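Please open the model in a viewer and keep the sequence panel visible. The tour below proposes one selection after another and states what is found at each.

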Amino acid sequence: MDKSKALQKASLGGSIVAAITASLCCIGPLVAVALGAGGFAASAVFEKWRPVFLGVTFALLTLAWYLTYRKPKAACEEGAACATKPVAKWNKVVFWLSTAFVIAAAAFPSLSSAMLRASRSNADACCVPTAVAGANTAVLQVKIPSMDCAACAADIQAMLRKQIGVQQVQVSFDTKQAIVLYDATKLSPEKIIAAIDQTRFKAEPIVKK
């Protein structure tokens, strides 16, 4: 394998890794929710570095495109090894598929938000949970401005549902708010906010005037 092909493959591979890393802020929470873990604490860290990883992603992808489609400096002599490339077309198919994967991975936060919105039921779409009758029932509404995709909202919601005393909870990425119905004898607003903070997304109580 010549140096040009090796660099082309390394650039393409690097762009795939960088694109996945750039979207871990939303991939991680979805995986955590799917596994029933909740609270992908590193999501906010990956979000902070997302612009850098995206820059690396598309810089490497551009280099891979250049190396794949640039014109050769000199024509190959007839019968030379470089004159016959039986797998060249297949390599380009793999290259195009890899490019599509890189773009999809880089756009995953937006794609996941659209998919999660589409999959919500009418009940889930409602922003305010239905109050449960009871003398000990309390409501806490907080804003979480650092949420960057719907997957993060799902992760925070999963974390809150694990807390003893939580009766109902709705976290909305569209409004960047969470509304929690809870048993005031088992849970406090401070503990609810601390649970949200464990996901590295800071919650701020909404004080109604």
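Select Trp96 to begin: this residue is partly exposed, with a relative accessible area of 48%. Here buried means under 20% relative accessible area, exposed over 50%, and partly exposed in between, with a 1.4 Å probe and protein chains only.

The model is predicted: local features need pLDDT of at least 70, side-chain atom pairs count only at pLDDT 80 or more, and totals for chains, interfaces and linings use all residues. Residues are numbered from 1 along each chain as its sequence is written, and side-chain values use heavy atoms, with hydrogens and water left out.

**The aromatic cluster**

Add Trp65 and Phe95 to the selection; ring pairs link these two residues and Trp96 into a cluster. Rings of Phe, Tyr and Trp (its six-membered ring) pair if their centres lie within 6.5 Å; planes under 30 degrees apart count as stacked, over 60 as edge-to-face and the rest as tilted. How many aromatic pairs does a search of the whole structure find? The search finds two.

In one of them, Trp65 and Phe95 meet edge-to-face, at 5.2 Å centre to centre and with 65° between the planes. Trp65 belongs to helix H3 (residues 43-69) and Phe95 to helix H4 (residues 88-106), so this pair ties together parts that are 30 residues apart in sequence. Helices (H or I, at least four residues) and strands (E, at least two) are DSSP runs, numbered from the N terminus. Colour the two residues by accessibility: Phe95 is buried, at a relative accessible area of 1%, whereas Trp65 is partly exposed, at 29%.

Trp65 and Trp96 have ring centres 5.0 Å apart and planes at 75°, so this pair is edge-to-face. Trp96 lies in helix H4 and Trp65 in helix H3, so the pair ties together parts that are 31 residues apart in sequence.

**Helix H8**

Next, select helix H8 (residues 189-197), whose buried residues are Ile192, Ile193, Ala195 and Ile196. Look down the axis of H8: the buried residues fall within an arc of 155°, so they line one face of the helix. The arc is that of the directions from the helix axis to the C-beta atoms. On the other side of H8, Glu190 and Lys191 are exposed.

Now show the partners of the buried residues of H8, which pack against strand E1 (137-143), helix H7 (150-161), strand E3 (177-183) and strand E4 (204-205). Contact means heavy atoms within 4.5 Å.

**The whole chain**

Finally, zoom out: the protein has eight helices and four strands. Of its 209 residues, 33% count as buried.
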